[in-house]
Amino acid sequence: MFSLTELGKRLKEAREQQNISLEDLQKLTKIQKRYLTGIEEGNYDLMPGKFYVRAFIKQYCEAVGLNADEIFEEYKADIPRSQNEDIPEQLSRVKTRKQEVTAKQPSSSKLLDLLPTIIVVVVIIGIAMLVWFFLQNHDTDKQSGSATPKTGAEIEQSDNASKDASTKSSATNTGTDDKKEKADKSDDKKKTDKKDDKKDEQKDDAKKEEPAKDQTITEVQKSGKTATLQLQNADAFKVEITSSNDTWLGVQNATGKSYFNALLAKGTTQSFDFSQEKEVRFNIGFSPGVQLKVNGKPLALPFDPSQKVQQKITIQYQPTAAQ
């Protein structure tokens, strides 16, 4: 049996503080449980290789909210260093493959051999297009020349018909314009009356109603990985939490009543209505990928998830009627 090392104790204490079991940690990190147990006991012989020891410890730290770089620096004497023994062989294999690909590429001399043939084909296509263009213009000239000219009588009849149509159209338009002018005056009067009525209604509405204020969320306090926010100008306090990664989530009110304390699976959403609460606390174990909405509006996390993996957020709520 292996006893817990100082590093193993540190990691296990952080895991137990988050109420995360080894099974939950296995789901979060995708690392087999026996490897996680080996890390806590300092039994690194269970690992597939020394490189995996450092990689697994880094994932373990991120899942329980510890800074991996600080852990590596503090316990560097206890963590085995990885060796890059396979790199020269891999590089030599890559070089060989590059040489094989280069040998298979066709030489540029074949393209030069085909160049005269390409030029001849382009010239033939150009000549064919010129001949087609010439024939099209020739047919158009023939059609224009074959049109039959009108006789003098036909021209005179056409002019008289145009004059008669113009006279009738003028008389019709005169009567129509008079009717249209009367109708326009009537419409203008109606529009003026409607505008006056609408202005009176708008004045009355402005006296009765005041513009509604949008909800605001302000930062009250922020230190370490803990932040306090205040929700104002809101008639409700509804929260939606969605995560693109598996994360541990704890939600409770000011008196310690728990609304949620379990693993929030990847791609799932938890919805809460805290309209009757004055203060709610959120404990997010793995914040990267977590999206928080308050009353349907996205709320950015107080800390950068890449800097603060674990975040503890308190939101204080005062209903609009009480303000």
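**View 1. Arg-15, a buried residue in this predicted model.** With a relative accessibility of 7%, Arg-15 falls on the buried side of the 20% cut-off, so the term "buried" applies. Its side chain meets that of Glu-40 in a salt bridge, with 2.9 Å from N to O. What about the partner? Glu-40 is also buried, its relative accessible area being 5%. Arg-15 belongs to helix α1 and Glu-40 to helix α3, so this pair ties together parts that lie 25 residues apart in sequence. If you would like to look for others, a search of the whole structure finds seven salt bridges.

**View 2. A salt bridge inside helix α4, between Lys-58 and Glu-62.** The closest N and O atoms of this pair are 2.7 Å apart. Both residues sit in helix α4 with a spacing of four residues, or about one turn of the helix. Are these two side chains buried, partly exposed or exposed? Lys-58 counts as partly exposed at 37% relative accessibility, and Glu-62 is likewise partly exposed, at 27%.

**View 3. Arg-281 and Glu-279, joined by a salt bridge.** Here the side chains meet with an N to O distance of 3.1 Å. The two partners fall into separate accessibility classes: Arg-281 is partly exposed, with a relative accessible area of 34%, whereas Glu-279 counts as buried at 18%. The cut-off for "buried" is under 20%, so Glu-279 qualifies.

**View 4. The largest nonpolar core, a set of 27 residues.** In soluble globular proteins, nonpolar side chains tend to be buried together. Which residues have the most contacts inside this core? They are Leu-7 and Ile-57. Five helices each supply at least two core residues: α1 (6-17), α2 (22-29), α3 (33-41), α4 (50-64) and α5 (68-74). Among these, α4 gives the most, with seven residues.

**View 5. A nonpolar patch on the surface, of about 780 Å².** Now for some nonpolar side chains at the surface. The patch is made by Leu-112, Leu-115, Ile-119, Val-123, Ile-127, Val-131, Phe-134 and Leu-135. Take Phe-134 as a guide: this residue is found in helix α7, which spans residues 109-145. Phe-134 has a relative accessible area of 57%; the cut-off for "exposed" is over 50%, so Phe-134 is classed as exposed.

**View 6. An open sheet of four strands.** Reading across the sheet, the order is β6-β3-β8-β9, and the pairing is antiparallel. At the edges are β6 (269-273) and β9 (297-299), each of which pairs on one side only. From one strand to the next, the twist averages 25°. For a closer look at one pairing, follow strand β3 (residues 238-243), which is joined to β6 by five bridges. Along this antiparallel pair, Lys-238 stands opposite Asp-273 in β6.

**View 7. The hairpin formed by β4 and β5.** Strand β4 (residues 247-253) and strand β5 (residues 258-264) run antiparallel and are joined by six bridges. To find your place on the hairpin, start with Gln-252, which stands opposite Ser-258 in β5. How many residues lie between the two strands? There are four, and in the turn Gly-256 has a positive phi of about 95°.

Definitions and conventions. Residues numbered from 1 in each chain as written. Predicted model: local features only at pLDDT ≥ 70, side-chain atom pairs only at ≥ 80, totals over all residues. Heavy atoms only, no water. Patch = residues over 30% accessible without salt bridge, like charges linked within 9 Å, V, L, I, M, F, W, Y side chains within 5 Å. Areas by Shrake-Rupley, 256 points an atom, 1.4 Å probe, with all protein chains shown as cover. Salt bridge = Lys/Arg side-chain N within 4 Å of Asp/Glu carboxyl O. Buried < 20%, exposed > 50% of the residue type's maximum accessible area, 1.4 Å probe, protein only. Pairing = 2+ DSSP bridges. Axes fitted to C-alpha atoms, helices over the stretch in contact; angles between N-to-C directions. Core = buried A, V, L, I, M, F, W, Y, C linked by side-chain atoms within 4.5 Å.
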